[in-house]
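Here is my note on the model, point by point. Please read it with the structure open.

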Amino acid sequence: MIAPSILNANNMNLGHDIEAAAQCGISRFHIDIMDGHFVPNLSYGPELVKNFKNQFPNLEAEVHLMSNNLDVVLPAFVKAGADLIEFHLEATNKPDSWLTYLHQHGLKAGLVISPDTPVDKVKPFLDKIDQLLIMSVYPGFGGQSFIEKSIDRIKQARELITTTGRQVPIEVDGGIDEDTVGKVTQAGADIYVAGSYIFKRGPIAEQINKLNKVISS
Ligand code: DX5
Ligand code: ZN
């Protein structure tokens, strides 16, 4: 599954870009929330998620929370109508209770690890998450280059998940394009977040089709 990150879409014409991607069969959008603290950048607030769901009730809003102020920020995005929230393992000392909180509120819950966090740190949570996001760039900005060691990290995560007997999808985020998407697919990733490749490098439909071709080949 491709989950376009709207961070690099045309924010003066966001609805148009989302519609163009949805017409290519995209059913989930990745919404990057940056708090200027956990990461050195700012992006959107809960209002954007609320408006997204009002305008596109049939599309899934996946919120990638790059904040360590979860007490304030996470419930706000639950209230705004997010379908799935994924937060960073590095950002909290009570991941368990946030995963429970999300499930109790009827959302899907994901855990995210940044490039320098050992993959086996996610082990205790594998039976409680709906997906695992392996960052393939340092969080904070779109348009960065894919970090090659992510391939081994995806393989390692896939092995860990296999031992649990559960089907936890692995998502990869950062520097995904027609070259890297093939490598991460082979390594065992299932969900591909792509921002600048889809929204900045050519017509949206063409970019999505190019990715789909590699994924299904
Ligand atoms: C980075 C974000 C990514 C980013 C992806 O902090 O989490 O979702 O927008 O953008 P590209 O595809 O341009 O690397
Ligand atoms: Zn992201």
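1. Strand 6 (residues 131–135), helix 5 (residues 150–164) and strand 7 form a right-handed β-α-β unit. Right-handed means that, with the strands pointing away from the viewer, the path from the first strand over the helix to the second runs clockwise. Helices (H or I, at least four residues) and strands (E, at least two) are DSSP runs, numbered from the N terminus. From strand 7 the chain goes on through helix 6 (residues 180–187) to strand 8, again in a right-handed β-α-β crossover.

2. This is a predicted model: local features need pLDDT of at least 70, side-chain atom pairs count only at pLDDT 80 or more, and totals for chains, interfaces and linings use all residues. Residues are numbered from 1 along each chain as its sequence is written, while chains are lettered from A and ligands numbered from 1 in the order in which they are written.

3. Strand 7 runs parallel to strand 6, and four bridges join them. L132 is opposite I170 of strand 7. Strand 7 also pairs with strand 8 in the parallel sense, over three bridges; pairing requires at least two DSSP bridges. Here E171 is opposite I191 of strand 8.

4. Are the two faces of strand 7 covered or open? Both are covered: I170 and V172 on one side, E171 and D173 on the other, are all buried. Buried means 20 or more other C-beta atoms within 10 Å of a residue's own; exposed means 12 or fewer, partly exposed in between, with C-beta atoms placed from the backbone.

5. Strand 4 (residues 84–88) has five of its five residues buried. L84, E86 and H88 point one way, I85 and F87 the other. In a regular strand the side chains alternate between the two faces of the sheet.

6. Strand 4 pairs in the parallel sense with strand 3 (residues 60–66) over four bridges, and with strand 5 (residues 108–113) over five. E86 is the bridge partner of H64; L111 is that of F87. Helix 3 (residues 70–79) completes a right-handed β-α-β unit with strands 3 and 4. Helix 4 (residues 95–104) does so with strands 4 and 5.

7. The largest nonpolar core has 63 residues. Such a core is a set of buried Ala, Val, Leu, Ile, Met, Phe, Trp, Tyr and Cys residues joined through C-beta atoms within 7 Å. V172 and Y192 are among those with the most contacts inside it.
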